[in-house]
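Welcome! Please take a moment to look over the chain shown below, and then we can walk through it together.

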Amino acid sequence: MATAQPTVIRPLFPRVKGTTFDVVTFTLTIKSSGLPVDITGYTFEADYRRRCKTGEIVKSISTASGITITDATNGVYRFDLFTPVSWEVETYWYGVKATAPSGIITEPVQGTVEILQNIPD
(Lines give C-alpha, C1' and ligand atoms only; values in the text may rest on other atoms or scores of the structure.)
Protein backbone atom coordinates (compact mmCIF):
# COMPACT_ATOMS: atom_id res chain seq x y z
CA MET A 1 0.00 0.00 0.00
CA ALA A 2 1.36 3.44 -0.94
CA THR A 3 1.71 5.93 1.88
CA ALA A 4 1.06 9.65 1.75
CA GLN A 5 3.91 12.12 2.07
CA PRO A 6 5.13 12.83 5.59
CA THR A 7 3.91 16.00 7.24
CA VAL A 8 4.89 19.08 5.25
CA ILE A 9 5.43 22.36 7.07
CA ARG A 10 3.72 25.06 5.01
CA PRO A 11 3.59 28.63 6.31
CA LEU A 12 0.67 30.59 4.92
CA PHE A 13 0.93 34.20 3.79
CA PRO A 14 0.40 36.72 6.61
CA ARG A 15 -3.16 37.97 7.01
CA VAL A 16 -4.32 41.32 8.32
CA LYS A 17 -6.54 41.19 11.43
CA GLY A 18 -10.24 41.08 10.56
CA THR A 19 -9.74 40.37 6.84
CA THR A 20 -10.86 37.32 4.90
CA PHE A 21 -8.56 34.31 4.51
CA ASP A 22 -8.14 33.40 0.85
CA VAL A 23 -8.71 29.87 -0.40
CA VAL A 24 -5.64 27.66 0.22
CA THR A 25 -5.23 24.57 -1.97
CA PHE A 26 -3.32 21.38 -1.08
CA THR A 27 -2.53 18.16 -2.96
CA LEU A 28 -2.03 14.84 -1.15
CA THR A 29 0.72 12.83 -2.87
CA ILE A 30 2.35 9.40 -2.57
CA LYS A 31 5.70 9.52 -0.74
CA SER A 32 7.70 7.26 -3.08
CA SER A 33 6.50 8.62 -6.43
CA GLY A 34 5.08 12.08 -5.85
CA LEU A 35 1.90 10.99 -7.64
CA PRO A 36 -1.43 12.23 -6.26
CA VAL A 37 -3.44 10.09 -3.84
CA ASP A 38 -7.06 9.44 -4.85
CA ILE A 39 -8.87 10.99 -1.88
CA THR A 40 -12.34 9.74 -2.79
CA GLY A 41 -14.08 8.97 0.51
CA TYR A 42 -11.48 10.78 2.64
CA THR A 43 -12.42 13.21 5.36
CA PHE A 44 -10.25 16.15 6.40
CA GLU A 45 -10.13 18.19 9.61
CA ALA A 46 -7.96 21.15 10.58
CA ASP A 47 -7.53 23.26 13.68
CA TYR A 48 -6.01 26.71 13.98
CA ARG A 49 -4.25 27.13 17.34
CA ARG A 50 -3.03 30.31 18.97
CA ARG A 51 0.73 30.76 19.69
CA CYS A 52 1.87 27.12 19.45
CA LYS A 53 0.96 23.64 18.23
CA THR A 54 -0.78 22.86 21.51
CA GLY A 55 -2.33 26.30 22.04
CA GLU A 56 -5.95 27.33 22.31
CA ILE A 57 -8.06 26.23 19.31
CA VAL A 58 -9.52 29.36 17.70
CA LYS A 59 -11.09 27.72 14.65
CA SER A 60 -11.85 24.18 13.49
CA ILE A 61 -12.76 23.28 9.93
CA SER A 62 -13.54 19.98 8.21
CA THR A 63 -14.99 18.46 5.07
CA ALA A 64 -18.36 18.99 6.77
CA SER A 65 -17.70 22.75 6.94
CA GLY A 66 -14.72 24.74 5.65
CA ILE A 67 -12.68 22.16 3.68
CA THR A 68 -13.72 21.21 0.15
CA ILE A 69 -12.40 18.29 -1.89
CA THR A 70 -12.12 19.85 -5.34
CA ASP A 71 -10.53 17.00 -7.36
CA ALA A 72 -10.61 13.70 -5.46
CA THR A 73 -8.91 11.64 -8.17
CA ASN A 74 -5.91 14.00 -8.19
CA GLY A 75 -5.75 14.45 -4.40
CA VAL A 76 -6.76 18.13 -4.35
CA TYR A 77 -8.57 19.76 -1.43
CA ARG A 78 -8.82 23.32 -0.16
CA PHE A 79 -9.50 25.49 2.85
CA ASP A 80 -12.49 27.67 1.99
CA LEU A 81 -12.75 31.44 2.57
CA PHE A 82 -13.36 32.61 6.15
CA THR A 83 -12.91 35.76 8.21
CA PRO A 84 -11.13 35.46 11.59
CA VAL A 85 -12.82 38.56 12.98
CA SER A 86 -11.77 38.10 16.61
CA TRP A 87 -8.24 36.75 16.15
CA GLU A 88 -5.52 38.73 17.94
CA VAL A 89 -2.27 39.86 16.33
CA GLU A 90 -0.28 36.67 16.85
CA THR A 91 1.20 33.59 15.20
CA TYR A 92 -1.26 30.72 14.74
CA TRP A 93 -0.49 27.07 13.95
CA TYR A 94 -2.66 24.82 11.82
CA GLY A 95 -2.57 21.09 11.14
CA VAL A 96 -4.57 18.93 8.75
CA LYS A 97 -5.77 15.44 9.69
CA ALA A 98 -6.68 13.20 6.75
CA THR A 99 -8.74 10.05 7.36
CA ALA A 100 -8.81 7.48 4.55
CA PRO A 101 -11.87 5.26 3.97
CA SER A 102 -9.77 2.39 5.42
CA GLY A 103 -9.51 4.30 8.72
CA ILE A 104 -5.81 5.20 8.34
CA ILE A 105 -5.17 8.69 9.73
CA THR A 106 -2.30 10.93 8.61
CA GLU A 107 -1.30 14.54 9.15
CA PRO A 108 -0.13 15.55 5.67
CA VAL A 109 0.45 19.24 6.34
CA GLN A 110 0.88 21.73 9.15
CA GLY A 111 2.14 25.26 9.31
CA THR A 112 1.77 28.76 10.63
CA VAL A 113 -0.02 31.95 9.73
CA GLU A 114 0.83 35.38 11.11
CA ILE A 115 -1.99 37.81 11.85
CA LEU A 116 -0.86 41.41 11.35
CA GLN A 117 -2.39 44.50 12.93
CA ASN A 118 -4.92 46.28 10.75
CA ILE A 119 -4.50 50.06 10.45
CA PRO A 120 -8.15 51.20 10.22
CA ASP A 121 -9.72 49.44 13.21
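## Charges and surface

Let's begin with the charged side chains: the chain carries 11 positive and 12 negative ones, and the centres of these two sets lie 4 Å apart. Keep in mind as you read that this is a predicted model.

The chain exposes about 6800 Å², with carbon and sulfur atoms supplying 54% of that area. As for the interior, 35% of the 121 residues count as buried.

## Overall fold

Which kinds of secondary structure does the chain have? There are nine strands and zero helices, so reading from the N terminus the elements run β-β-β-β-β-β-β-β-β. The radius of gyration is 15 Å, close to the 14 Å that the globule rule gives for 121 residues, so the chain is as compact as a globular protein of that length.

Along its principal axes, the C-alpha trace spans about 50 × 25 × 20 Å. If you count the contacts in the chain with a separation of 6 or more, 63% of them come from residues 24 or more positions apart.

## A hairpin to look at

Now try finding strand E4, residues 43-50, and strand E5, residues 57-62. These two strands run antiparallel and are joined by five bridges. Within this pairing, Tyr48 stands opposite Lys59 of E5.

Six residues lie between the strands of this hairpin. Arg51 in the hairpin takes a positive phi near 75°. As you follow the strands, a general point may help: in a regular strand, side chains alternate between the two faces of the sheet.

Methods: Residues numbered from 1 in each chain as written. Predicted model: local features only at pLDDT ≥ 70, side-chain atom pairs only at ≥ 80, totals over all residues. Heavy atoms only, no water. Pairing = 2+ DSSP bridges. Helix = DSSP H or I, 4+ residues; strand = E, 2+ residues; numbered from the N terminus. Rg over C-alpha atoms; globule rule 2.2 N^0.38 Å. Buried < 20%, exposed > 50% of the residue type's maximum accessible area, 1.4 Å probe, protein only. Contact = heavy atoms within 4.5 Å. Areas by Shrake-Rupley, 256 points an atom, 1.4 Å probe, with all protein chains shown as cover. Lys, Arg positive; Asp, Glu negative; His and termini not counted. Charge placed at Lys NZ, Arg CZ, Asp CG, Glu CD.
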